[in-house]
Amino acid sequence: MPRLRIQLATWPRPALILTDTPRPYCQHCDGIGGIEHHYGDYDTGEYVGTDWEPCDCWNETRRWLLLPLPRLPRWLRRRRRARDPWATDGDSNEPPF
């Protein structure tokens, strides 16, 4: 039986999707949804990376589109402006000298 939850997807366009979640009391993955296998270099023994093996209690490709969300118009999107740390509005993080 799937355990469903609602998520916000941002790619390829904003939408609400219904996704499956891992079984919380799974004996194999402890509710994480998969098992990590760390591996290292055979010659030096140093850490190289991690492999992810998905558990059978969860299907990460099972998702359904609920509601596509509209994109904000370009003029309503937030514009990030760099703040001047020495401005007179008192937003400086420098100690006073």
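How many salt bridges does a search of the whole structure find? The search finds 1 salt bridge. The structure is a predicted model.

**Overall fold**

The protein has 0 helices and 5 strands, and along the sequence these elements follow the pattern β-β-β-β-β. Of the contacts with a separation of 6 or more, 39% are between residues 24 or more positions apart. Buried residues account for 15% of the 97 residues. The exposed area of the protein is about 9100 Å², and 54% of that area is supplied by carbon and sulfur atoms.

**The salt bridge**

Side chains of opposite charge can pair when their charged atoms come close. Here the partners are Arg62 and Asp20, with 3.4 Å between the closest N and O atoms. Arg62 sits in the loop between β4 (47–54) and β5 (63–68), while Asp20 belongs to strand β2 (residues 15–21), so the pair ties together parts that are 42 residues apart in sequence.

The two partners are listed below with their relative accessibility.

| Residue | Relative accessibility | Class |
|---|---|---|
| Arg62 | 31% relative accessibility | partly exposed |
| Asp20 | 6% relative accessibility | buried |

Asp20 is classed as buried because its relative accessibility of 6% falls under the 20% cut-off. Arg62, at 31%, counts as partly exposed because its value lies between the 20% and 50% limits. The salt bridge therefore joins a buried residue of strand β2, Asp20, to a partly exposed residue of the loop between β4 and β5, Arg62.

Terms used: Residues numbered from 1 in each chain as written. Predicted model: local features only at pLDDT ≥ 70, side-chain atom pairs only at ≥ 80, totals over all residues. Heavy atoms only, no water. Helix = DSSP H or I, 4+ residues; strand = E, 2+ residues; numbered from the N terminus. Buried < 20%, exposed > 50% of the residue type's maximum accessible area, 1.4 Å probe, protein only. Contact = heavy atoms within 4.5 Å. Areas by Shrake-Rupley, 256 points an atom, 1.4 Å probe, with all protein chains shown as cover. Salt bridge = Lys/Arg side-chain N within 4 Å of Asp/Glu carboxyl O.
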